[in-house]
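Welcome, and thanks for taking a look at this one. Below is a short tour of the fold, arranged by topic.

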Amino acid sequence: MKKILLSMVFMVLIAGACAANPPKSVDVSVVGKQVKVTVTHIVGGSKTHYIYKVEVFVNGTQMVWQNLLSQESDQVSVVYLIPSLKAQDVLEVKATCNIFGDKITKVIVGQKTGSK
């Protein structure tokens, strides 16, 4: 009986993970000292599957850690003011799904940006 119950629990957990998906893209744009992050994460308006964390690192130092509680559409956009930001700084932005996966984009301030 225990084996059957454990097998059922395992199958439910695996099915939930299979329905999850990591962020599709993380786009970063910088204007002056403002960093705009747009995360594309296809969830169909789900309240239980969403981007739950956005982190921004500047030259390897974590500057932003934001936890989110839901995702209303297939895109999440946030804007951060980083007063110390300057040309040639290396930005690393990480978006993490609450169920499975993450996506990281690196950009150099002053150069063309995009998802990688």
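Let us begin with one pair of residues: Thr 38 has Ser 77, in β5, as its bridge partner. That pair belongs to a wider match, since strand β2 (residues 34-40) and β5 run antiparallel and are joined by seven bridges. Please keep in mind throughout that this is a predicted model.

**Overall make-up**

- The protein contains one helix and seven strands, and read from the N terminus the elements run α-β-β-β-β-β-β-β.
- The protein has 116 residues, of which 34% count as buried.
- About 7,200 Å² of the protein is exposed, and carbon and sulfur atoms supply 62% of that area.
- How are contacts spread along the sequence? Among contacts between residues at least 6 apart in sequence, 57% join residues at least 24 apart.

**Confidence**

- The average pLDDT of the protein is 84, and 78% of the residues score at least 70.
- Residues 8-18 have a pLDDT below 50, and this stretch has one contact in the model beyond near neighbours in sequence.

**The strand β5**

- Side chains alternate along β5.
- Val 76, Val 78 and Tyr 80 point to one face and are buried.
- Gln 75, Ser 77, Val 79 and Leu 81 point to the other face and are not buried.
- Ser 77, the bridge partner of Thr 38, is thus named among the residues of β5 that are not buried.

**The four-stranded sheet**

- Which order do the strands take in the open sheet of four? The order is β4-β3-β6-β7, with antiparallel pairing.
- β4 and β7 stand at the edges with a single partner strand each, so one side of each has no neighbour in the sheet.
- From one strand to the next, the twist averages 15 degrees.
- β3 and β6 run antiparallel and are joined by seven bridges.
- Within that pairing, Phe 57 has Glu 92 of β6 as its bridge partner, and Glu 55 stands opposite Lys 94, also in β6.
- β6 also pairs in the antiparallel sense with strand β7 (residues 102-108), over seven bridges.
- Here Lys 94 turns up again, standing opposite Ile 104 in β7.
- Lys 94 therefore faces a residue on either side: Glu 55 and Ile 104.**Turns and loops**

- β6 and β7 form a hairpin with four residues between them.
- In that turn, Gly 101 has a positive phi of about 90 degrees.
- Asn 59 lies in the loop between β3 (51-58) and β4 (61-67), and its phi is near 50 degrees, a positive value in a residue other than glycine.
- Is Asn 59 buried or exposed? Asn 59 counts as partly exposed because its relative accessibility is 43%.
- Gln 88 sits in the loop between β5 (75-81) and β6 (90-97).
- Phi of Gln 88 is near 75 degrees, again a positive value in a residue other than glycine.
- With a relative accessible area of 54%, Gln 88 is exposed.

**The nonpolar core**

- How many residues make up the largest nonpolar core? This core has 21 residues, and those with the most contacts inside it are Val 37, Val 54 and Leu 91.
- β1 (25-31), β2, β3, β5 and β6 each supply at least two residues of this core.
- The largest share, four residues, comes from β3.
- Leaving aside residues up to four places away in sequence, Val 54 touches Val 37, Val 64, Trp 65, Gln 66, Leu 68, Val 78, Tyr 80, Val 93 and Lys 94.
- Two residues on that list, Val 78 and Tyr 80, point to the buried face of β5.

**A buried lysine**

- Lys 53 is located in strand β3.
- What places Lys 53 among the buried residues? Its relative accessibility is 12%, so Lys 53 counts as buried.
- Not counting residues up to four places away in sequence, Lys 53 touches Trp 65, Gln 66, Asn 67, Lys 94, Ala 95 and Thr 96.
- Trp 65, Gln 66 and Lys 94, touched by Lys 53, are also among the residues that Val 54 touches.

Definitions and conventions. Residues numbered from 1 in each chain as written. Predicted model: local features only at pLDDT ≥ 70, side-chain atom pairs only at ≥ 80, totals over all residues. Heavy atoms only, no water. Buried < 20%, exposed > 50% of the residue type's maximum accessible area, 1.4 Å probe, protein only. Contact = heavy atoms within 4.5 Å. Areas by Shrake-Rupley, 256 points an atom, 1.4 Å probe, with all protein chains shown as cover. pLDDT = per-residue confidence, 0-100. Pairing = 2+ DSSP bridges. Axes fitted to C-alpha atoms, helices over the stretch in contact; angles between N-to-C directions. Core = buried A, V, L, I, M, F, W, Y, C linked by side-chain atoms within 4.5 Å.
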